[in-house]
Amino acid sequence: MNKKQTVVWGTLLASALFGCGTDDGKVEGQKVDFNGAKVTTWAKLDAKGVVKEVGFTLPYAAVENAPTSGGSHDHPILLVADFPEVVRATTFINHFGFDWMPGGHEPSRYTTPHFDFHFYGVDKATVAAVDCSNATQPNPAELPEGWVPPAPPDMPDPRLACVPKMGYHSMPVTEFDANGPKAGLFDKVMLAGYYDGKFTFIEPMVTKAALEKKEGFSLPVPQPRSVGRATLYPTSFKATYDADAKAYEFVLGDFKSMQ
């Protein structure tokens, strides 16, 4: 078998094992309904069947027609979807959590309507079991550079910083000033998630107002010192708007090997 035949066979094998692909190596995952719009997870594979991008498609109708009430930080309007099996088998990413909060949440900087897009690195059962009874915090030396500890060191009970069925949220240092969280409403930010001291999710948090601009953007991806297992981990994130399809594509890419 020559090199070209080997590449073709590798692509066909990946498609057979992990779902049907397209000519551009795209493999669809699960579709979930949000107000009549289909939010779709997917992955793109290279010619050898290796994941090069993981993402989801968000129709603009899901933004435009989002409910104006009914969600909070403790009880968001929540959707959960699986990524293609090849993503779960070979990368840090396990599944997708789509949270909509019409009234935002405290602190006041985040009280504008926004979406939480969780790329979870643990399975659904583990996320569902997060009850905030565990106060264990990540080792400060293991935090991604530029992200602060999820619970302030002087907080008497770190569990107060935990969100049920999510965990602890670490924010970029750029979200703070000398007085705490910055004044004014946020636009978009990338969070790093933890529970039981372990890194568990990557979360772009984006306002409805930002998405209504129909403009692309990028955010830095937190780079933890370790993810607890040998796997592929993304180093870039971007969102693009397709005016013809009337949809956003949210994409994690540039995967690297990590432990």
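**Close-up 1. Strands S1 and S2 pair in this predicted model.** Strand S1 covers residues 26-34 and strand S2 covers residues 37-45. The two strands run antiparallel and are joined by seven bridges. One pairing can be followed residue by residue: Asp 33 has Lys 38 in S2 as its bridge partner.

**Close-up 2. The turn of the hairpin formed by S1 and S2.** Two residues lie between the strands. Asn 35, in the turn, has a positive phi of about 55 degrees.

**Close-up 3. Val 63 in helix H2.** Helix H2 consists of residues 60-64. Is Val 63 buried or exposed? Val 63 counts as buried because its relative accessibility is 0%, and the cut-off for buried is under 20%. Leaving out residues up to four places away in sequence, Val 63 touches Leu 58, Phe 115, Lys 208, Leu 211 and Glu 212. Lys 208 is 145 residues from Val 63 in sequence, yet their C-alpha atoms are 6.7 Å apart in space.

**Close-up 4. Leu 58 and the largest nonpolar core.** This core has 57 residues. Which residues have the most contacts inside it? They are Leu 58, Phe 117, Ile 202, Leu 211 and Phe 250. With neighbours within four places in sequence set aside, Leu 58 is in contact with Val 39, Val 63, Phe 98, Phe 117, Leu 211, Ala 247, Tyr 248 and Phe 250.

**Close-up 5. A second nonpolar core, separate from the largest one.** This core has six residues. Among them are Phe 186, Val 189, Leu 191 and Met 205.

Methods: Residues are numbered from 1 along each chain as its sequence is written. This is a predicted model: local features need pLDDT of at least 70, side-chain atom pairs count only at pLDDT 80 or more; totals for chains, interfaces and linings use all residues. Side-chain values use heavy atoms; hydrogens and water are left out. Helices (H or I, at least four residues) and strands (E, at least two) are DSSP runs, numbered from the N terminus. Buried means under 20% relative accessible area, exposed over 50%, partly exposed in between (1.4 Å probe, protein chains only). Contact means heavy atoms within 4.5 Å. A nonpolar core is a set of buried Ala, Val, Leu, Ile, Met, Phe, Trp, Tyr and Cys residues joined through side-chain atoms within 4.5 Å. Two strands pair if DSSP finds at least two bridges between them.
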